[in-house]
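Got the viewer open? Switch to a cartoon view and keep the selection box handy. We'll go stop by stop.

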Amino acid sequence: MIEKYQNKIASLESLGSFYYQKSINEKYSSIDIASINIKYGTSLTDTNRNKGLFPLLASNGISDYVDIHNSYNVVTFGCRGTLGNVFYNKGECFILNTAFYIENYKEYGNLYFALKHEKGLTLYQSGAVQPQITIDSIKDVVLKFPTNSKLNNVLDLIWNNTLIIKKLKEIKQLLLSKYF
């Protein structure tokens, strides 16, 4: 059953990417990265990582769940280590210092798919041993946004399916621990 929802997410991702590409080929708005309030995540030591309800987002996605949060409603992408991945989290979460995040952005769907289209801005990376992207290296980047916010709806559907998968995994774990 989990696979069914994973397939839905993959289909929605493809649909969103296709719509984004089609839209920017017809008409788009240019958005300067400098005008978007991009922030670095925060360091969180292992001793301060208590299990909790809030997703802990790093450059490679959700790495754990913790009892504190530093952000909400974010589009995030890697800035240290794993680069190129873009994520969305609706609700409270904690963003680690290996990721950039943009909080509570009105056109979050357009931002998400624009960053995915640009492969998380990996073109602007530096560092050989540990790749990184700095705010200074991307400050002059211009993103293309469709002229409407329909991609917010696609991202909301992806998020809803993500929550279903999370709940199914919790149920699965509960059942496995009860019977095995």
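In which sense do strand S3 (residues 51-58) and strand S4 (residues 61-66) pair, and over how many bridges? Select both: this is a predicted model, and in it S3 and S4 run antiparallel, paired over six bridges. Now click on Lys51 and look across to S4, where Val66 stands opposite. Then follow the chain between the two strands: a hairpin of two residues takes you from S3 to S4.

Next, add strand S6 (residues 86-95) to the selection. S3 pairs with S6 too, this time in the parallel sense and over two bridges. For a landmark, pick Leu57, whose bridge partner in S6 is Ile95.

Time to zoom out and show the rest of the sheet. It is an open one with six strands, ordered S2-S7-S5-S6-S3-S4, and the pairing is mixed. Which strands stand at the edges? Those are S2 (38-40) and S4; each has a single partner strand, so one side of each has no neighbour in the sheet. Look along the sheet and you can follow the turn from strand to strand: neighbours are rotated by 35° against each other on average, direction ignored.

Now bring in the helices. Start with H2 (residues 108-117), which packs on the sheet and touches S5 (71-78), S6 and S7 (99-103). The direction of H2 makes about 130° with that of S6. Then select H4 (residues 150-179), another helix packing on the sheet, with S4 and S6 as the strands it touches. Here the angle between the directions of H4 and S6 is about 65°.

Last stop: the cysteines. Show Cys79 and Cys93 as sticks. How many disulfides does a search of the whole structure find? Zero. Put a distance label between the two sulfurs and you can see why for this pair: the closest cysteine sulfur to that of Cys79 belongs to Cys93, and at 14 Å it is too far for a bond, given that a disulfide needs the sulfur atoms within 2.5 Å. Seen from the other end, Cys93 is in no disulfide either, and its nearest cysteine sulfur is that of Cys79.

Before you leave, turn on a surface. Are these two cysteines buried or exposed? Cys79 is buried, at 0% relative accessible area, and Cys93 also counts as buried, with a relative accessibility of 0%.

Conventions
Residues are numbered from 1 along each chain as its sequence is written. This is a predicted model: local features need pLDDT of at least 70, side-chain atom pairs count only at pLDDT 80 or more; totals for chains, interfaces and linings use all residues. Side-chain values use heavy atoms; hydrogens and water are left out. Two strands pair if DSSP finds at least two bridges between them. Helices (H or I, at least four residues) and strands (E, at least two) are DSSP runs, numbered from the N terminus. Axes are lines fitted to C-alpha atoms, for helices over the stretch in contact, and angles run from 0 to 180 degrees between N-to-C directions. Contact means heavy atoms within 4.5 Å. Buried means under 20% relative accessible area, exposed over 50%, partly exposed in between (1.4 Å probe, protein chains only).
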